[in-house]
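Subject: Handing over the two-chain model

Hello,

Please find the structure below, and have it open beside you while you read the notes that follow. I have tried to explain each term where it comes up.

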Amino acid sequence: MSVLILAMVIILAVMSLAQTKTVPAVLAFISMMFLLGIYYILLDEKLLGLFQIFVYTGGIVVLTLFGVTVIGSKFPEFKIRPWAVAIVTVVLIGLMIVPFLIPVEAVHQTISLQQQVKVFTDNYSLIAVFMGVVAASVLYGSIRMLHTLKYGKE
Amino acid sequence: MTEFYIDAIAALILFAVGLYGVTSKSDFLKIFFSLEMLLNAVILLLASGAYHFGLTRDLAIAYVIIVIATFEAAAGVLIFILTNRITGEIIPDHLDKVVEDE
């Protein structure tokens, strides 16, 4: 079952990049994210699965659809960069070798929802605030950059 | 253990697809999809590690990544729409021309 879902996820990921029309690409992207959410729920990580479905399938895809309304139904023509395939091949082979070199010991322990929330609030809530500040800075920088592009340097 | 390796390989393939999209595609929407795929590959690996080896901190990092992805999506769509307004296209390579014209 898990292999089937993961295979579907990869096929849908490729489909979302290979489509020439925008709406089928977005639909493939939605299905991919939804299947990943279902897979997390099957892995007994219910909170993460629901987060995935609500945030990605709900929020981010709505933002993407808003973008689709701007560009219309077809992607623009572009030229493929041939060195991209070489980079991806090298990185993929490198990354696939690493996990097999690291010895890991199985613990087999189920984590309750309360424990997950406790670890998050105890250790990582401050990082979330910090990342919020970073994201706000990036947002401000993006707006400034586009303002400069539009009107030139002041 | 085998199940973890299946998850790890699926995550790596997803990461590779995302990386290919980021490096080869030249319109904002597909680059945006590819970035989300990169993040999701990492989340998949963390969730699988948490399930198979009981690493609770992995899941906490996964939640933080989802928070970051939300910010990134908002900033990405903002850049995407404003670029479309300025250049009339969604190809980031053409932003250079706008700078040169100015």
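I begin with a pair of side chains in chain A: those of A:Lys46 and A:Asp44 meet in a salt bridge, with 3.2 Å from N to O, where a salt bridge is a side-chain nitrogen of Lys or Arg within 4 Å of a carboxyl oxygen of Asp or Glu. Side chains of opposite charge can pair when their charged atoms come close. Over all chains, the structure holds one salt bridge.

Before going further, please note that this is a predicted model, in which local features need pLDDT of at least 70 and side-chain atom pairs count only at pLDDT 80 or more, while totals for chains, interfaces and linings use all residues. Residues are numbered from 1 along each chain as its sequence is written, chains are lettered from A and ligands numbered from 1 in the order in which they are written, and side-chain values use heavy atoms, with hydrogens and water left out.

Both partners of the salt bridge are partly exposed, A:Lys46 at 48% relative accessibility and A:Asp44 at 31%; here buried means under 20% relative accessible area, exposed means over 50%, and partly exposed lies in between (1.4 Å probe, protein chains only). A:Asp44 has a further feature, since its phi is positive, at about 75 degrees, although A:Asp44 is not a glycine.

Confidence in the model

How confident is the predictor in chain A, as a mean pLDDT? The mean for chain A is 77, and 78% of its residues reach 70 or more, pLDDT being the predictor's confidence in each residue, from 0 to 100. Within chain A, confidence is lowest in helix α4 (residues 83–101), at a mean of 71, and highest in α2(A), at 90. Chain B averages a pLDDT of 80, and 87% of its residues score at least 70; among its elements, helix α4 (residues 95–101) of chain B has the lowest mean, 64, and helix α2 (residues 28–53) of chain B the highest, 87. For the complex, the predictor gives an ipTM of 0.86 and a pTM of 0.73.

The two chains

Chain A has five helices and zero strands, whereas chain B has four helices and zero strands; helices (H or I, at least four residues) and strands (E, at least two) are DSSP runs, numbered from the N terminus. Of the 154 residues in chain A, 32% are buried, and of the 102 residues in chain B, 59% are buried. The accessible surface of chain A comes to about 9,400 Å², with 74% of it belonging to carbon and sulfur atoms, and that of chain B comes to about 3,800 Å², with 65% belonging to these atoms. Such areas come from the Shrake-Rupley method with a 1.4 Å probe, and for residues only the protein chains shown count as cover.

If we take the contacts in chain A between residues at least 6 apart in sequence, 56% join residues at least 24 apart, where contact means heavy atoms within 4.5 Å. In chain B, residues 24 or more positions apart account for 55% of the contacts with a separation of 6 or more.

Some residues to look at

Where does A:Tyr39 lie? A:Tyr39 is found in helix α2 (residues 22–42) of chain A, and A:Tyr39 counts as buried because its relative accessibility is 3%. Leaving aside neighbours within four places in sequence, A:Tyr39 is in contact with A:Ser2, A:Ile5, A:Leu6, B:Asp7 and B:Leu44. The C-alpha atoms of A:Tyr39 and A:Met1, which are 38 residues apart along the chain, are separated by 9.4 Å.

On the surface, A:Leu4, A:Met8, A:Ile11 and A:Met15 form a nonpolar patch, with about 370 Å² of accessible area together. Patches are made of residues with over 30% relative accessible area and no salt bridge, like charges being joined within 9 Å and nonpolar side chains (Val, Leu, Ile, Met, Phe, Trp, Tyr) within 5 Å. A:Met15 is found in helix α1 (residues 2–18) of chain A, and A:Met15 is partly exposed, with a relative accessible area of 36%.

In chain B, B:Thr23 is found in helix α1 (residues 2–24) and counts as buried, at 14% relative accessibility. The side chain of B:Thr23 reaches the backbone oxygen of B:Leu19 at 2.8 Å.

With best wishes

Technical notes:
Polar contact = N/O pair within 3.5 Å; in protein donor to acceptor, adjacent residues only side chain to side chain.
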